[in-house]
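Subject: Structure for your review

Dear colleague,

Please find below the structure that I am handing over to you. My account of what was found in it follows directly after.

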Amino acid sequence: MFLDKISPREATAMLIISRLMMATVLFPTLTELGDPQNIWLVGLCGMIIAVPVILLVVALGLEFPGQTIIQYSQVLLGKFFGKIVGLILVWYWFHIAVTSAAALGGSLTSAIMVETPEIVLIGIIAYLGASAARNGLEVMARVADNALWVVLFFVLVTIILPFDVMKPGHLLPVLADGWAALFPPVTSAVSFFMEFIVVGMLIPHVDRPQGMLRYSAYAILTAGTVLVLLGLAAVMVFGPNVNNLSMPVFSLARMISIGRFFERIEFIPMGAWIMCAGIKLSLFIWAASLGLTQVLGLGQGQVLIYPMGALVVASSLLFYEDFLVLIQFLTRGGWSVYSLGITLTIILLLCAAVLLRRLLRGGANGD
Amino acid sequence: MEPMGTRTKIGLIALLMVVMLTGCWSRRELETLDFITAVGLDHAAEEGKIQVTVQMAKPFAITGSVQSSVQEKPFHVMTATGYTVFEAVRNLNSISPRRPFWAHARFIVFGEDMARDGLQEALDFFDRDGEPRRTSYILMAQGVKASDLLQAEFSQEPMPSEGISELLQGTRLAQSTVAAMTVNEFLQALEGEGIDPITVRVELIPLEEDFAIGGDVLRDEVKAKTRMTGSAIFKDDRLVAWMNRPQTRGYLWVTGQVRSGIININEPETADAYVSLEIVGSRGSFKPQLTKDGIKILVQVEVHVNIGEMQQYIDIRKDPGLWVSIERRLTQVVKNEIMAAVTKAQLFGADIFGFGAEINRRHPKEWRRLRENWEEEFKRLTVEVEVKARIKRVGLVINRTPIRK
């Protein structure tokens, strides 16, 4: 099978954009925060916890050069259990795509295009994402590499321009209710970083797989820093109101008013939403379809991409009939438990299997 | 990848046409909209209902020829009622041929009756809906209904909402006698701990029946105009008291918001004439100190003034002691203004300064204890004021022209 090759930097761009997507739209971690002023601590803790876990995934990938996480889990856990793990991962990626599509559709229809049917918005973005994925990972990666700067620029504009309504006083006191209050938002932050397990699908395609150790850490740190800055800006502008907002970043952009002339620039975060969502959907639709072909032992992954995209559109309307269902799932701990449960179990299982294998083989060599 | 087949190309074009030719769903054509420039909220005559009054721009009156723009009012006012703000807002559609568009509302003004009963029921629409903005200002109309206030006009400004916005900016910059909050700040003060909202007071001044206004304004005479002085203070979401101009400036000193303004003091030598001082710069902050005797708030204000006017001749060069004397009097005025504001706020238990919020920031542990009974603690706390006043400049003359007798 023809393997697309991408550089570690392009892989990083895809990961960063995927992580920024949900935060620029709904920012569930911020919503889950009891005391908004702790946002930077939450972001910091999230990053510190996420880096080693994701590095484990990369290390696993390096252990099995040329194989995706779906393929080597079948080697490690045996055909049957390996396939089950593979199916769970495929489901997880599919579900991420579905959730992202629903978040985008729900937000666009809540914020601006109130009368537009959600299916049209989701359909167009999912079609774009799927057609990029259909053209192969290289295309997606290059789009992401170029889009990253635009997205970062949009996000920075949203962070900086409301400066005149920011009140630094809103950032105090820190940790007024102790560390325990940080637990739910930190798990939320980490659970979104766990989407990076998709790096297990990317590694065989990266031209310098060793580089991914460094670059996946960069991805987490960059995305995390941007999130912290966004969170700080939102907290300074909205103070105690911040966790009532359904789309904090969008609301932040609505506060921009410079000289009563440069205002009404909500299109900026919306541009970021749409670019991020397109790239995130393409990445996860690609991962889910390729994963599924590898679980089922089919030859060509590309064939499944459009059907997968169609399924994502349909499921996003089916799973999350109402915006409230989505918000409830994302901000009341449901998603955190679900995402962390799946990914941590799989990662620990695979690591344990690798260690066991090494022990056995080490023993064999020793004899 | 293989080149795209003709059939695929045609298919793609057809797909594109399906998307494009149906038009845009959520489009809003300019000529179907009616731009709301100001909103007023009152209790409706019918029990339990809310009355929403909007002032809207009449685009054809603004863009018309000079003659027509002078004779025709460039705005109109509409009123609708409902059990909720949103219902009332939608009811506007049944009397307005154009769809009201909210994104350009400069301010929301509340009638006193409604504000006294609490704004809880009135505010959510302006936060939740996608069109109104959190950057609009919140105004309180003293003694009148908001709907009356929106009818008032200015002789120099054809759009009253524009006039009121300019008035607000003007009084803030030139006098520092109004404290205004945007929807964003107001909602934060409502939800935040240890802080209550304060916002600007607007009064309606009725004019004589046949009051003739000069200039080119030919349309029917202006019946009332508005004045912006002082502020309205809130306990939770209820308006509890009005603050006059010195009290409001007292609040602004404490929170460091004084921009400019005039302070009159008695002329130091004879004390039977005034010296007007123009504030050219100020800094203000406060620090809570938790002592055994209770909570003490240390307010520190630094004020720079220019001499703006002297009613009597004194030789200001003669004796630096004179400057000190002027500065001392200025210091006293600032202290008096601050204490007037504090006394008023304490009387109503409305922590407009955010003393509680500052205690939370600096001493979160103690705040956990104090927050339960904050209203009582706030009424009891003592405020100490330190003012540093400096005369910076004297204007184009050093001493005024003396009058030889």
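The model is a predicted one, and I begin with its aromatic residues. Over all chains, the structure holds 29 aromatic pairs. One of them is formed by A:Phe329 and A:Tyr338: the ring centres are 5.9 Å apart and the planes meet at 65°, so this pair is edge-to-face. Both residues also belong to an aromatic cluster in chain A, whose other members are A:Trp91, A:Tyr92, A:Phe94, A:Phe192, A:Phe319, A:Tyr320 and A:Trp335.

Helix H1 and the residue after it

Helix H1 of chain A covers residues 8–25. Of its 18 residues, 17 are buried, so H1(A) is largely enclosed by the rest of the structure. Its length agrees with expectation: at 1.5 Å a residue the helix should span 26 Å, and its end C-alpha atoms are 26 Å apart.

H1(A) is followed by A:Phe27, which has a positive phi. This residue lies in the loop between H1 and H2 of chain A. Its phi is near 45°, in a residue other than glycine. Most residues other than glycine have a negative phi, and most peptide bonds are trans. With a relative accessibility of 3%, A:Phe27 counts as buried, because the limit for that class is under 20%.

Two further backbone features deserve your attention. In chain B, B:Ser176 likewise has a positive phi, near 50°. B:Ser176 is placed in the loop between helix H8 (160–174) and strand E7 (181–182) of chain B, and at 1% relative accessibility it counts as buried. In chain A, the peptide bond that joins A:Leu172 and A:Pro173 is cis, with omega at about -5°. A:Pro173 is found in the loop between helix H6 (137–160) and H7 of chain A.

Internal cavities

How many cavities of 30 Å³ or more does the model contain? The count comes to two. The largest has a volume of about 120 Å³. It is lined by 14 residues, of which A:Arg19, A:Phe27, A:Thr29, A:Ala189 and A:Leu227 are the closest to its centre. A:Phe27, described above for its positive phi, is thus met again in this lining. Helices H1 (8–25), H2 (28–32), H3 (39–63), H7 (183–193) and H9 (211–238) of chain A each give two or more residues to the lining. By class, the lining has 10 nonpolar, three polar and one charged residues.

The second largest cavity has a volume of about 40 Å³. Its lining is made up of B:Val39, B:Trp102, B:Ala105, B:Ile108, B:Phe126, B:Pro132, B:Arg133 and B:Ser136. Six of these residues are nonpolar, one is polar and one is charged.

The second largest pocket

About 1,400 Å³ of space lies in the second largest pocket. Among the 47 residues that line it, those closest to its centre are A:Ser110, B:Arg128, B:Asp129, B:Gly130 and B:Glu131. Which elements supply at least two residues each to this lining? From chain A they are helices H4 (69–111), H10 (248–254), H11 (267–296) and H13 (323–331), and from chain B they are H4, strand E4 (99–101) and helix H6 (120–128). The largest share, six residues, comes from H6(B). The lining comprises 23 nonpolar, nine polar and 15 charged residues.

B:Phe86 is found in helix H4 (residues 85–91) of chain B, one of the elements just named. B:Phe86 has a relative accessible area of 38% and is therefore partly exposed. From B:Phe86 to B:Asp124 the separation is 38 residues in sequence and 9.3 Å in space, C-alpha to C-alpha.

Strand pairing in chain B

Strand E8 (residues 198–206) of chain B pairs with strand E6 (residues 137–141) in the parallel sense, over three bridges. Within this pairing, B:Ala141 has B:Val202 in E8(B) as its bridge partner. E8(B) also pairs with strand E9 (residues 224–235) of chain B, here in the antiparallel sense and over eight bridges. B:Ile205 stands opposite B:Lys225 in E9(B).

Yours sincerely

Methods: Residues are numbered from 1 along each chain as its sequence is written. Chains are lettered from A and ligands numbered from 1 in the order in which they are written. This is a predicted model: local features need pLDDT of at least 70, side-chain atom pairs count only at pLDDT 80 or more; totals for chains, interfaces and linings use all residues. Side-chain values use heavy atoms; hydrogens and water are left out. Two strands pair if DSSP finds at least two bridges between them. Helices (H or I, at least four residues) and strands (E, at least two) are DSSP runs, numbered from the N terminus. On a 1 Å grid over the protein atoms alone, a cavity is a set of points where a 1.4 Å probe fits but cannot get out, and a pocket is an open set with protein on both sides within 12 Å along at least five of seven lines; lining residues have an atom within 4 Å of a point. Grid points are joined across faces, edges and corners, and a volume is the space filled by probe spheres set on the points. Ala, Val, Leu, Ile, Met, Phe, Trp, Tyr, Cys and Pro count as nonpolar, Asp, Glu, Lys and Arg as charged, and the others, Gly among them, as polar. The expected span of a helix is 1.5 Å times one less than its number of residues. Buried means under 20% relative accessible area, exposed over 50%, partly exposed in between (1.4 Å probe, protein chains only). Rings of Phe, Tyr and Trp (its six-membered ring) pair if their centres lie within 6.5 Å; planes under 30 degrees apart count as stacked, over 60 as edge-to-face and the rest as tilted.
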